[in-house]
Amino acid sequence: MDKTATTKTENPAALIDARIKELSDWRGPMLAHVRALIRQADPEVVEEVKWRGVPVWEHAGIICTGETYKSAVKLTFLKGAALADPAKLFNSSLEGNARRAIDLHEGDVIDEEAFKALIRAAVALNTAKPRK
């Protein structure tokens with residue numbers, strides 16, 4: 001069985017812990033750091049693992065995903081285009097109608113307060129009542 005495949009009995013948090021641990025370079029600590037910031041911003045966040053091992057953070061819908069690539073940790077916000085980003089954290093997937101992403105590279109420092117504000121805005125968008 002593919003070790004990144006998930007079943008209903010596997011603990012998503014443990015799978016994310018394992019993913020962070022297997023990233024033996026800068027990406028592991030970076031993913032762990034943004035994960036901690038997400039949890040600080042939304043203590044009710046639900047962690048999932050989808051799409052062959054991608055960490056996903058949800059609250060009334062997906063907030064963002066945490067893909068890891070050779071040269072980047074990519075945080076993709078599915079409804080990012082609808083979020084205000086005054087600190088201009090979004091630096092990838094800017095051309096789409098819905099998604100926006102933050103690509104973090106080795107040595108990057110994220111504006112923690114702005115990032116947590118973005119997480120809280122995504123949660124607020126997910127939990128807002130639809131307009132009639």
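Lys116 touches Leu37, Gln40 and Ala41 when residues up to four places away in sequence are not counted, contact being defined as heavy atoms within 4.5 Å. The model is predicted, so that local features need pLDDT of at least 70 and side-chain atom pairs count only at pLDDT 80 or more, while totals for chains, interfaces and linings use all residues. Residues are numbered from 1 along each chain as its sequence is written, and side-chain values use heavy atoms, with hydrogens and water left out.

Lys116 is found in helix α3; helices (H or I, at least four residues) and strands (E, at least two) are DSSP runs numbered from the N terminus. With a relative accessible area of 11%, Lys116 is buried. The term buried stands for under 20% relative accessible area, exposed for over 50%, and partly exposed for values in between (1.4 Å probe, protein chains only). Between Lys116 and Val34 there are 9.3 Å in space, C-alpha to C-alpha, and the two are 82 residues apart in sequence.

The contacts of Lys116 with Leu37, Gln40 and Ala41 belong to the packing of two helices. Helix α2 (residues 27-41) and helix α3 (residues 112-127) have axes that come within 9 Å and cross at roughly 55°. Axes are lines fitted to C-alpha atoms, for helices over the stretch in contact, and angles run from 0 to 180 degrees between N-to-C directions. The two helices α2 and α3 are therefore oblique to each other; angles under 35 degrees count as roughly parallel, over 145 as roughly antiparallel, 65 to 115 as roughly perpendicular and the rest as oblique. The crossing of α2 past α3 is right-handed, that is, the near helix is turned clockwise from the far one by less than a right angle, an anticlockwise turn being left-handed. From α2, the contact is made by His33, Val34, Leu37, Ile38, Gln40 and Ala41, and from α3 by Glu112, Phe115, Lys116, Ile119 and Arg120. By class, these residues are 6 nonpolar, 2 polar and 3 charged. Here Ala, Val, Leu, Ile, Met, Phe, Trp, Tyr, Cys and Pro count as nonpolar, Asp, Glu, Lys and Arg as charged, and the others, Gly among them, as polar.

Helix α2 also packs with α1, at an angle of about 145° and with the axes 8 Å apart. Ala13, Ile16, Asp17, Arg19 and Ile20 of α1 meet Gly28, Leu31, Ala32, Arg35 and Arg39 of α2 in this contact. The contact of α1 with α2 has 5 nonpolar, 1 polar and 4 charged residues.

The largest nonpolar core has 31 residues, of which Ile63, Phe77, Ile102, Leu104, Phe115 and Ile119 touch the most other members. A nonpolar core is a set of buried Ala, Val, Leu, Ile, Met, Phe, Trp, Tyr and Cys residues joined through side-chain atoms within 4.5 Å. Two or more residues of this core come from each of α1 (12-22), α2, β3 (62-68), β4 (73-77), β5 (100-104) and α3. Outside its neighbours within four places in sequence, Leu104 is in contact with Trp26, Met30, Val34, Ser71, Ala72, Val73, Leu75 and Ile110.

Several loop residues were also examined. Asp42, in the loop between α2 and β1 (46-50), counts as buried at 6% relative accessibility. Residues up to four places away in sequence aside, Asp42 touches His59, Ile63, Ile119 and Val123. Asp108 is found in the loop between β5 and α3 and is partly exposed, with a relative accessible area of 33%. On the same basis of sequence separation, not counting residues up to four places away, Asp108 touches Met30 and Asp103. The C-alpha atoms of Asp108 and Ala72 are separated by 10.0 Å, at 36 residues apart along the chain.

Ser93 lies in the loop between β4 and β5 and is buried, with a relative accessible area of 16%. Leaving aside neighbours within four places in sequence, Ser93 is in contact with Lys74, Arg99, Arg100 and Ala101. Lys88 is placed in the loop between β4 and β5 and is exposed, at a relative accessible area of 67%.

Most residues other than glycine have a negative phi. Lys88, although not a glycine, has a positive phi of about 55°. Ala60 has a positive phi near 60°; Ala60 lies in the loop between β2 (54-58) and β3 and counts as exposed at 54% relative accessibility.
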